[in-house]
Amino acid sequence: MTALTLDVRDVTKRFGDGETAVLAVRGVSLAVQPGEIVLIMGPSGSGKTTLLSMMGALLKPTGGSIRLDGTAISELSESRLPDIRLRQFGFIFQDFNLLSALSVLENVAIVAELAGLRGRAARDKATTLLTELGLAARLDFLPEKLSGGEKQRVAIARALINDPTLILADEPTANLDSKIGHEIMRLLRSIAKEQGRSVVIVSHDQRIRDIADRVLWLEDGAFKDIVTMATDPVCGMAVERERAVSAEKDGDTFFCCSRGCREEFLGGLREDGRADGRQPHGWSRLAGALRSRRRRASTTQSDAS
Ligand SMILES: Nc1ncnc2c1ncn2[C@@H]1O[C@H](COP(=O)(O)OP(=O)(O)O)[C@@H](O)[C@H]1O
Ligand SMILES: [Mg+2]
């Protein structure tokens with residue numbers, strides 16, 4: 001059995017007491033696997049920020065438990081939490097939260113220093129990470145000189161610098177235009193996958209659905225309809241299991257984006273003898289369509305003869 005990174009069990013959060021009490025989160029359970037990227041969507045006021053804050057030990061649940069790598073963080077005393085937040089979590093917020101008096105490099109390096117790395121080593125590590133995020137030419141800039149997308153990339157570097165177990169992002173694309181927001185989320189996905197980090201993003205931005213392994217819907221503080229994502233084994237596209245074309249092979253179920261990919265996966269229509277293979281998505285659909293047209297043509301011919 002694989003160990004879970006995050007195990008949220010029947011968590012509730014109530015703000016206030018008596019008549020004016022608000023039940024912001026109502027009995028939510030969620031397990032996040034190592035390396036998994038989960039997107040939690042839902043309308044404004046549905047409890048996304050409250051839930052994410054509890055996952056990141058910024059807020060204590062009223063009921064239920066939260067475990068991170070087996071440690072019940074919801075039970076820990078306040079004095080133990082700052083260290084856990086620093087080392088185990090990477091936070092990304094919609095308004096970036098960079099320190100305006102520090103350069104890009106300093107904004108990232110200081111977080112590594114807080115976790116115990118010496119100045120030079122912290123700066124080297126921050127430089128490597130910022131370079132990977134495409135910011136090598138911006139190291140000495142102050143945040144005010146950066147575009148929104150660049151600021152969010154600095155925030156991602158800061159979130160990653162202490163090799164956290166879990167990255168938590170609250171509406172990370174809210175202050176970015178949609179194209180940049182999507183690009184940055186793809187970048188976060190590729191680095192998180194490369195490094196095997198788990199990520200939980202809360203957002204109401206429909207356009208970032210495809211970067212998640214799993215999308216959950218929160219409404220009135222509870223999960224409603226769970227949409228699980230799978231990867232098409234032929235074209236590699238993320239598909240919703242519930243809407244995908246399923247294929248059985250060797251006793252397992254696979255999920256394909258289209259009939260063309262399904263047929264290609266099952267191997268029945270491949271003419272080059274290979275059982276499967278990765279083709280660009282458009283190619284695979286085009287090839288499927290051409291094959292079925294050719295098949296129709298040959299059926300018509302034999303009907304005529
Ligand atoms: N500190 C707080 N005190 C009282 N009510 C709060 C507090 N934080 C959030 N709420 C309430 O909890 C509900 C969920 O809020 P929130 O988690 O911010 O939702 P979302 O992030 O999905 O917009 C809302 O009704 C909000 O008004
Ligand atoms: Mg919110």
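# A walk through the predicted model

The protein has 8 helices and 14 strands; both are DSSP runs numbered from the N terminus, a helix being H or I over at least four residues and a strand E over at least two. This is a predicted model, in which local features need pLDDT of at least 70, side-chain atom pairs count only at pLDDT 80 or more, and totals for chains, interfaces and linings use all residues. Residues are numbered from 1 along each chain as its sequence is written, while chains are lettered from A and ligands numbered from 1 in the order in which they are written.

Let us begin with the whole chain. Of the 305 residues in the protein, 37% are buried. Here a residue is buried if 20 or more other C-beta atoms lie within 10 Å of its own, exposed if 12 or fewer, and partly exposed in between, with C-beta atoms placed from the backbone. Among contacts with a separation of 6 or more, 65% are between residues 24 or more positions apart; two residues are in contact if their C-beta atoms, placed from the backbone, lie within 7 Å.

Now turn to ligand 1. The residues around ligand 1 are Phe-15, Gly-16, Val-22, Ala-24, Gly-42, Ser-44, Gly-45, Ser-46, Gly-47, Lys-48, Thr-49 and Thr-50, where a residue counts as near if its C-beta atom, placed from the backbone, lies within 6 Å of the molecule. Two or more residues of this shell come from each of strand 2 (22–32) and helix 1 (48–55). Helix 1 gives the most, with 3 residues. By kind, the shell divides into 3 nonpolar, 8 polar and 1 charged; Ala, Val, Leu, Ile, Met, Phe, Trp, Tyr, Cys and Pro count as nonpolar, Asp, Glu, Lys and Arg as charged, and the others, Gly among them, as polar.

Helix 1 deserves a second look. It is largely enclosed by the rest of the structure, because 7 of its 8 residues are buried. Those buried residues are Lys-48, Thr-50, Leu-51, Leu-52, Ser-53, Met-54 and Met-55. Of these, Lys-48 and Thr-50 also belong to the shell around ligand 1. Just after helix 1, Ala-57 takes a positive phi of about 60°.

Strand 2, the other contributor to the ligand shell, leads us to a sheet. This open sheet has 4 strands in the order 2-1-4-5, with antiparallel pairing; strands pair if DSSP finds at least two bridges between them. Strand 2 and strand 5 (71–72) stand at the edges with a single partner strand each, so one side of each is left without a neighbour in the sheet. At the strand 5 end, 2 bridges join it to strand 4 (residues 63–68), and the two run antiparallel. Arg-67 has Ala-72 of strand 5 as its bridge partner.

Following the chain out of strand 2, we meet Pro-34 in the loop between strand 2 and strand 3. Pro-34 is partly exposed, with 15 other C-beta atoms within 10 Å. What does the loop approach? The C-alpha atoms of Pro-34 and Ser-198 are separated by 5.4 Å, although these residues are 164 residues apart along the chain.

Helix 6 (residues 178–195) is our next stop. Its 18 residues reach 26 Å from first C-alpha to last, close to the 26 Å expected at 1.5 Å a residue, the expected span being 1.5 Å times one less than the number of residues. Which of its residues are buried? They are Gly-181, Ile-184, Met-185, Leu-188 and Ala-192. Seen down the axis of helix 6, the buried residues fall within an arc of 100°, so they line one face of the helix; the arc is that of the directions from the helix axis to the C-beta atoms. What covers them includes strand 3 (37–41), helix 5 (148–160), strand 7 (166–170) and strand 8 (198–203). On the other side, Lys-179, Ser-190 and Glu-194 are exposed.Two backbone angles round off the tour. Most residues other than glycine have a negative phi, and most peptide bonds are trans. Glu-171, in the loop between strand 7 and helix 6, has a positive phi of about 45° although it is not a glycine. Glu-171 is buried, with 20 other C-beta atoms within 10 Å. Asp-250 also has a positive phi, near 50°, and is found in the loop between strand 13 and strand 14. With 5 C-beta neighbours inside 10 Å, Asp-250 counts as exposed. Strand 13 (residues 245–249) and strand 14 (residues 252–256) pair in the antiparallel sense over 5 bridges, and Lys-249 stands opposite Asp-252.
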